[in-house]
Protein chains: 2
Amino acid sequence: MKKTVKLGLIGYGTVGGGVIKIIAGNKRAIEQRVGAPVEVAAVCDLNPVAVTGVDYTRDYREVIARDDIDIIIELIGGYEPARTVILSALRAGKNVVTANKAVLATYWDEIFSAARAKERLVYFEASVGGAIPVIQGLNEGMAANRIAKISGILNGTTNYILTEMTQKNVSFAAALKAAQRSGFAEADPSFDIDGVDTANKLAILSSLAWSSWVKVSDVSTAGIASVAAQDVFFARKLGYVIKLIGSATMESGGLELSVQPCLIPERHPFATVEREYNAVSIRGDASGEIMFYGKGAGSLPAASAVVSDIISLARQVTSGTAGKEPYITYNSSKKLKILPSAKAQGSYYLRFTALDQSGVLSKVSGILGKHNVSIASVYQQESLSGARKGVPIIILTHRVRQGNLRAALQLIDRHPFIKAPTVAFKVKA
Amino acid sequence: MKKTVKLGLIGYGTVGGGVIKIIAGNKRAIEQRVGAPVEVAAVCDLNPVAVTGVDYTRDYREVIARDDIDIIIELIGGYEPARTVILSALRAGKNVVTANKAVLATYWDEIFSAARAKERLVYFEASVGGAIPVIQGLNEGMAANRIAKISGILNGTTNYILTEMTQKNVSFAAALKAAQRSGFAEADPSFDIDGVDTANKLAILSSLAWSSWVKVSDVSTAGIASVAAQDVFFARKLGYVIKLIGSATMESGGLELSVQPCLIPERHPFATVEREYNAVSIRGDASGEIMFYGKGAGSLPAASAVVSDIISLARQVTSGTAGKEPYITYNSSKKLKILPSAKAQGSYYLRFTALDQSGVLSKVSGILGKHNVSIASVYQQESLSGARKGVPIIILTHRVRQGNLRAALQLIDRHPFIKAPTVAFKVKA
């Protein structure tokens, strides 16, 4: 039997606990796959951790300094000291597994340049889509393809909230509270609900797909706080479900990157992706569309991805091959052209809140028309008692330029018969 | 730049053509991923093939004998000479890519024992699910997991036919003809429609998941020829879609393996998998359920999987690491216990064709009851003019033992008031 592969686990939270559990529980199967035993030799956390046979320290430098440790598992989250842990582990000649989307998306160039320089590997399956092997699927399983488009439901918290709103017909605020009670939203949920988490994951997938660092700031990002119970209601009436979609499309004018609430047709595979589940669809020139679906959050699902990375790395450590070839293709000098969001095109769902008086629809449609926003259908609800606060008018547009639509809505919203800012969500074809 | 990785392509049909096309079209991207140029050096086929810069031969032994060729791509299909090509390529020290499910499922032990003995690799992503990277996802992306269950829509031809029947309300025979016209069914479609192709793919996935050779003969297999237009109609009325499902479940009594038409709830992700698309769902103990979806057939989708395998192998050839560790975990001495199909459990859709006379339902339900088949609901259509040929009675059962159900149906079908063999399809929970 070959030499035991030793791991140093830095950050012992819910995912770290899952990693320890899987490695202990599936010990023999893992050993068989790797061709050598795999064990966690040291754990670092600010709070004391008692795991039998595992050294504990508060100082991550002690773990990285150990010669007998082959692979560092970074599960701290956040930017620092996570970034320093990864970089100093690589400098010390270790391979790295991380679940940290924020640090990867933000320091892609620094991390993968260091990995290449040191001939070491950074694996990061758990950073996107929890248990779903989408990083590997894109990086290896679809390696033969030129990627045309990536889109996905990439955040469990927002999907949980939108599912709750859809199924129970409740407000965003009530659904957020339910998600917090169930442990699917944090006390400060802004990173999730503002779409930033999704933007980080989209940046990672895009950097991988197009072999060039796509930055989070390149992603036009909107969250779900603007989704009202009535939007969920009207969407359903029209045959749609609202989901927060991260999307990257290679257009002739450049790469279009957005995170935004979208109306998904009820027959689309994304429509049945509920609660903490995630789904990612990737279109390759040869493969056509491939979709991956599974649990995007939770201790064991995320740990499943981390341990699968550990197994891949440990096999390479055991056979002495780790880092001979870089894991990902990354060209630091390749600059992708990013399409400005004003030039992005799409069909839209618009909800106007207008006084129930004659001529309103004609004025609204006139302004839209002048901006080349062509109307596909109009849905106007019966006038309600609260008509002084405005009644909803729903318009679905044909394919329009986002810049034109924004200009039109700005003009429309200035009119006194409009009683609340107009809501606009993209409709997925 | 490192030495060119050279390929020998044996069998130049639709998939082979796709492989040549992708390697030529995405040449630079592939070279970047591999770290060396990749080229097809020789093609073998019974019919002459003219590709610029590629040697042609009718004799596969010439290709295998070439020292400059690193990887053999077996795309002949069928059992022989495909098996001999793979085994002699391994013996000659080549790595192998194959899309051949029949040869893999049938000679799993022989092929992977030879690969291990020769320290060479056999990759086979295209053998299951066309472009979908499910082999890799199961073998590597879910490596941390104990697999509890695999189920999937694994055959494009039958799914095309069932989609046609569902969407156009036509008979099996008419839908088969439409599939043949569109190139999605062969002139002799029995390998597909009898479920044998699905059983082969299920055997491959199961052998991989449980590290032991699962044979095609272990799979209880039924095809789709028994699905009538009225079954599609009644299923829809009850909120289901009929799909041919291959399923492997690790039960306490052993591994349950079946291929059979199943009723899928309309909200289940499989329900929206249409035409030549495939989907595979795999449940791991840590990951939970993960689903993969994409094109299961076609020249470029299959070639996408083949070329992705070529890239993975070529990277290992280039870095001199190919075969240091086996690709899959296979334990030739491990014997899995297979659950006899009579002991398998499930809920069922039953369609009786009975004379429209009083007492029939009471007799049928009496026999079912005596065999512990408990009825969940009954759906009886209004009596039609053709009542002498029998009218359909639909019964959905609670969870029953398949052996009990079979015994009950055998008794029931002997009664003179039953005018046609009773149809029984499993209902997916």
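**Two chains, one axis: a short tour**

Let's start at the interface. Chain B puts 48 residues into the contact, and chain A puts in 48 residues. Keep in mind that this is a predicted model.

Which elements of chain B do the touching? Four of them give two or more residues to the side facing chain A: α2 (27-34), α6 (134-141), β12 (288-295) and α12 (299-318). Which gives the most? That is α12(B), with 10 residues. Now the make-up by class. On the side of chain B that touches chain A, I count 19 nonpolar residues, 19 polar ones and 10 charged ones.

Next, the symmetry. Take chain B, rotate by 180 degrees, shift by 0.0 Å along the axis, and you land on chain A with an RMSD of 0.0 Å. The two copies are therefore related as by a two-fold rotation axis. The contact follows suit. Both copies use the same surface, and 100% of the contact residues of chain B recur in chain A.

Where does chain B come closest to that axis? At Phe292(B), whose C-alpha sits 2.4 Å from it. Phe292(B) falls within the range of β12(B), 288-295. That strand also pairs across the chains. β12 of chain A, residues 288-295, is joined to β12(B) by three bridges, and the two run antiparallel. For one position to click on, try Met291(A). Opposite Met291(A), in β12(B), stands Tyr293(B).

Let's leave the interface and look at the sheet pairing inside chain B. The strand to follow is β17(B), residues 418-427. It has a parallel partner in β10(B), through two bridges. There, Cys262(B) has Lys426(B) of β17(B) as its bridge partner. It also has an antiparallel partner. That is β13(B), residues 345-354, with seven bridges. In that pairing, Ala354(B) is bridged to Ile418(B) of β17(B). So β17(B) pairs parallel with β10(B) and antiparallel with β13(B).

Now the backbone. Some background for the torsions. Most residues other than glycine have a negative phi, and most peptide bonds are trans. Here are some exceptions.

First, the peptide bonds. In chain A, the bond from Glu80(A) to Pro81(A) is cis, and omega is near 5 degrees. Where is Pro81(A)? In the loop between β4 (71-74) and α4 (82-91) of chain A. Chain B has a cis bond as well, from Glu80(B) to Pro81(B), again with omega near 5 degrees. Pro81(B) lies in the loop that runs between β4 (71-74) and α4 (82-91) of chain B.

Then phi. Asn169(A) is not a glycine, yet its phi is positive, near 60 degrees. You will find Asn169(A) in the loop between α7 (156-168) and α8 (172-181) of chain A. Is Asn169(A) buried, exposed or partly exposed? Count neighbours. Asn169(A) has 14 C-beta neighbours inside 10 Å, so it counts as partly exposed. The cut-offs matter here: 20 or more means buried, 12 or fewer means exposed.

Over in chain B, look at Arg275(B). Its phi is positive too, about 50 degrees, and it is not a glycine. Arg275(B) sits in the loop between β10 (254-265) and β11 (277-284) of chain B. With 18 other C-beta atoms within 10 Å, Arg275(B) is therefore partly exposed. Note the loop's neighbour: β10(B) is the strand that pairs parallel with β17(B).

That's the tour. Questions, please.

Terms used
Residues are numbered from 1 along each chain as its sequence is written. Chains are lettered from A and ligands numbered from 1 in the order in which they are written. This is a predicted model: local features need pLDDT of at least 70, side-chain atom pairs count only at pLDDT 80 or more; totals for chains, interfaces and linings use all residues. Copies are superposed by least squares on the C-alpha atoms of residues with pLDDT of at least 70 in both. Two residues are in contact if their C-beta atoms, placed from the backbone, lie within 7 Å. Helices (H or I, at least four residues) and strands (E, at least two) are DSSP runs, numbered from the N terminus. Ala, Val, Leu, Ile, Met, Phe, Trp, Tyr, Cys and Pro count as nonpolar, Asp, Glu, Lys and Arg as charged, and the others, Gly among them, as polar. Two strands pair if DSSP finds at least two bridges between them.
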